[in-house]
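Where does this protein leave open space, and what lines it? The report below takes the pocket, then one helix, then a patch on the surface.

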Amino acid sequence: MKQDNKEYMKYNLSYDLNEQSLISPLDSVTPLFEPKIRLGILASGNGSNFEYIIKSIQTKKLDAEISILIVNNPNCLAIKKAIKYKIPYVIINHRDCKSRFEHDMLVMKKLEDFSVELVVMAGWMRIVGEEIINKFENRLINIHPSLLPSFKGVDAIQQAIDKRVTITGCTVHYVQKEVDSGLIIIQAAVPINENDNKETLKKRIQNMEHIILPLAIAKVAKNLRTKFKDNK
């Protein structure tokens, strides 16, 4: 992809400079795509990262479109955000499936039906199987609330507090078979204050997640489109 003014737009670095310096790698421009990169979002919870992806698209900080939101929990609050912003969504309840494999196949088929290029696990509380990982090789990313490789798995924020570390953060990484072990795309560090508890620290980590996830999407999308052009 050519790196000229027509294919790039400035990213509005509106967040605090002290926080900005804690993000690595950080690029002040985001690529433009024709057509826009097609995203599939997987979510299980409140959908705050999902909403910030939408807002990044609306404010032209991310040149993408969300083709489909898939949730595995019918009570997932991300559904309300999809309705609010008129994003197509589907509920694929894992409790209705006989196996993890069956659930994964339903998710994968829906992603294919909507011609998704890049899959973003934004608070997806499920381990995906090898079939999805292989189908979307280098096109499946996840956000995790720690500075990987530290504090993998569940309750990473409490793990950091229990270990009395002074800095934690969040990481966007490619998904592979071993949980939270894929190649790191971008990270943001968050200091742990003396009076922090799980909720106060979680809020500050989530604030950084909202910043780095759109940046990671743009970075991966650029790599995908560049590779596609090179292979034509």
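What follows describes a predicted model.

**The largest pocket**

The largest pocket has a volume of about 990 Å³. Its lining counts 36 residues. Nearest the centre lie Gly123, Trp124, Met125, Ile143 and Pro145. Four elements each give two or more residues to this lining: helices H2, H6 and H7, and strand E8. Which element gives the most? Helix H7 does, with five residues.

The table lists these four elements by residue range.

| Element | Residues |
|---|---|
| Helix H2 | 48–58 |
| Strand E8 | 140–144 |
| Helix H6 | 156–162 |
| Helix H7 | 198–231 |

What is the chemical character of the lining? It divides into 15 nonpolar, 13 polar and eight charged residues.

**Helix H2**

Helix H2 helps line the largest pocket. Several of its residues are buried: Asn49, Phe50, Glu51, Ile53, Ile54 and Ser56. An α-helix has 3.6 residues a turn, so residues three or four places apart point the same way. After H2 comes Lys60. The phi of Lys60 is positive, near 65°.

**A nonpolar surface patch**

Ile83, Tyr89 and Ile91 make a nonpolar patch on the surface. The patch covers about 270 Å². Ile83 belongs to helix H3, residues 78–85. Is Ile83 buried or exposed? Ile83 counts as exposed because its relative accessibility is 53%, and the cut-off for exposed is over 50%.

Technical notes
Residues numbered from 1 in each chain as written. Predicted model: local features only at pLDDT ≥ 70, side-chain atom pairs only at ≥ 80, totals over all residues. Heavy atoms only, no water. 1 Å grid on protein atoms, 1.4 Å probe; cavity = no way out; pocket = protein on both sides within 12 Å on 5 of 7 lines; lining within 4 Å. Points joined across faces, edges and corners; volume = space filled by probe spheres on them. Nonpolar A, V, L, I, M, F, W, Y, C, P; charged D, E, K, R; others polar. Patch = residues over 30% accessible without salt bridge, like charges linked within 9 Å, V, L, I, M, F, W, Y side chains within 5 Å. Areas by Shrake-Rupley, 256 points an atom, 1.4 Å probe, with all protein chains shown as cover. Salt bridge = Lys/Arg side-chain N within 4 Å of Asp/Glu carboxyl O. Buried < 20%, exposed > 50% of the residue type's maximum accessible area, 1.4 Å probe, protein only.
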